[in-house]
Amino acid sequence: MNVSAVIVAAGKGIRMGHTVNKVYLPIAGKPVLYYSLKTFDEIDWIKEIVAVVSKEEIEYCKENVIKKYFFKKPVKLVEGGSERQYSVYNGIINTKKNCEIIAIHDGARPLIEKEVVIKALKKAYLYKAVALGVPVKDTIKVVDEKNFILNTPDRKYLWAIQTPQVFERNLIIKAHQKALEDGFLGTDDTVLVERLGYKVKVVEGDYRNIKITTPEDLIVAEAFLKNNVL
Ligand SMILES: Nc1ccn([C@@H]2O[C@H](COP(=O)(O)OP(=O)(O)OP(=O)(O)O)[C@@H](O)[C@H]2O)c(=O)n1
Ligand SMILES: C[C@](O)(CO)[C@H](O)COP(=O)(O)O
């Protein structure tokens, strides 16, 4: 397999409420982004890693993550955009043209496991577009603007979607370009492919593959790491 990984880390981490971008905050002594990169670095099918970082943090990332920790593969740093979708787009167009498959992952999901990524890559060869996800555990309500419940979707059809999301290179570039043309902004990458009329397969992920978003997520992530469950 010839796979490129695009790891997006150019957000601001506003919900974390910290002065430092959350992807550089430590978990068990190492930056969040280190763990996300490491998993992809260890997978042989992945031939290149493109990390998307904000312009002001390129030097910081080089010094404090890329040079400081040993990665087997070179990590190409490219600039992010004002929205996650624009950061992803800049990442995917900077992958090598000969890669067949692109795995897009949030730098803010450090607990992703190698075996889970490999499962998603295998399925991507079959289905062309896949996303990891887990069945939701809570009951989900649709509410109106005043928080009155409008309806209760049947939980057996509801999955919380994670990353990596894995696609054929041409398909995901086409989906992003169409979204750009239409001024459509999605909260993940599969929605852009859905808009083209393609079926996207959800592959069962891992409840531990949390996105570091608010301060308590750092505590949970550290607990998982310290309990040696990864
Ligand atoms: N303009 C952006 C926004 C987000 N991301 C990345 O997309 C992932 C998921 O986004 P999210 O958790 O929303 O991160 P932030 O945008 O940093 O968080 P917040 O919304 O709290 O500011 C993160 O790895 C983040 O760095 C990015 O590369 N470029
Ligand atoms: C892509 C994602 O991680 C899938 O769950 C998520 O949608 C990112 O959302 P955010 O708005 O950037 O937190």
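Let us start with one pair of residues: Val52 stands opposite Val78 in strand 5. This is a predicted model, and that pair is a handy place to enter its sheet. Strand 4 and strand 5 run parallel to each other, pairing over 5 bridges. Between the two, the chain travels from strand 4 through helix 2 to strand 5, and this β-α-β crossover is right-handed.

On the subject of pairing, a general point helps: strands of a sheet are joined by backbone hydrogen bonds, in either a parallel or an antiparallel arrangement. Strand 4 also pairs with strand 1 in the parallel sense, here over 6 bridges. Within this pairing, Val6 has Val50 of strand 4 opposite it.

Now step back to the whole sheet. It is open and built from 7 strands in the order 5-4-1-6-10-7-11, with mixed pairing. Which strands stand at the edges? They are strand 5 (75–79) and strand 11 (201–204); each has a single partner strand, so one side of each is left without a neighbour in the sheet. On average, and ignoring direction, neighbouring strands of the sheet are turned by 30° against each other.

The antiparallel part of the mixture can be seen where strand 6 (residues 101–106) meets strand 10 (residues 159–168), a pairing over 4 bridges. If you look for Ile102, you will find that its bridge partner in strand 10 is Phe167.

Two helices that pack on the sheet deserve a look. Helix 2 (residues 58–66) touches strand 4 (46–53) and strand 5, and its direction makes about 155° with that of strand 5. Helix 3 (residues 84–93) touches strand 1 (3–8), strand 4, strand 5 and strand 6, and its direction makes about 150° with that of strand 1.

Strand 4 is mostly covered, with 6 of its 8 residues buried. Ile49 has its place in this strand. Is Ile49 buried or exposed? There are 25 other C-beta atoms within 10 Å of Ile49, and the cut-off for burial is 20 or more, so Ile49 is buried. Setting aside residues up to four places away in sequence, Ile49 touches Ala5, Ile7, Leu37, Phe40, Asp41, Lys73, Val75 and Lys76. Ile49 and Gly91 are 42 residues apart in sequence, with a C-alpha to C-alpha distance of 9.6 Å.

For another buried residue, turn to Val193, which lies in helix 6 (residues 190–194). Val193 counts as buried because 27 other C-beta atoms lie within 10 Å. Beyond its neighbours within four places in sequence, Val193 is in contact with Ala129, Phe167, Leu171, Ile172, Ala175, Tyr198 and Val200. Among these contacts is Phe167, the residue we met as the bridge partner of Ile102. Val193 and Lys72, by contrast, are 121 residues apart in sequence and 32 Å apart in space, C-alpha to C-alpha.

Next come the ligands. Around ligand 1 there are 21 residues, of which Val8, Gly11, Ile14, Arg15 and Ser87 come nearest. By class, this shell holds 7 nonpolar, 8 polar and 6 charged residues. Ligand 2 has Arg84, Asp106, Ile161, Gln162, Thr163, Thr187, Asp188 and Lys211 around it. Which element gives the largest share of the shell around ligand 2? That is strand 10, with 3 residues. The shell around ligand 2 has 1 nonpolar, 3 polar and 4 charged residues.

Thr163, from the surroundings of ligand 2, leads to a backbone feature. As background, most peptide bonds are trans, and most residues other than glycine have a negative phi. Thr163 and Pro164 are joined by a cis peptide bond, with omega about 5°. Pro164 is found in strand 10.

Two loop residues have a positive phi. For Ala28, which is not a glycine, phi is about 45°. Ala28 lies in the loop between strand 2 (26–27) and strand 3 (30–31), and counts as exposed because it has 12 C-beta neighbours inside 10 Å, where exposure means 12 or fewer. Asn147, also a residue other than glycine, has a positive phi near 70°. Asn147 sits in the loop between strand 8 (142–143) and strand 9 (149–151). With 7 other C-beta atoms within 10 Å, Asn147 is exposed.

Technical notes:
Residues numbered from 1 in each chain as written. Chains lettered and ligands numbered in written order. Predicted model: local features only at pLDDT ≥ 70, side-chain atom pairs only at ≥ 80, totals over all residues. Near = placed C-beta within 6 Å. Nonpolar A, V, L, I, M, F, W, Y, C, P; charged D, E, K, R; others polar. Pairing = 2+ DSSP bridges. Axes fitted to C-alpha atoms, helices over the stretch in contact; angles between N-to-C directions. Contact = placed C-beta atoms within 7 Å. Right-handed = clockwise from strand over helix to strand, strands pointing away.
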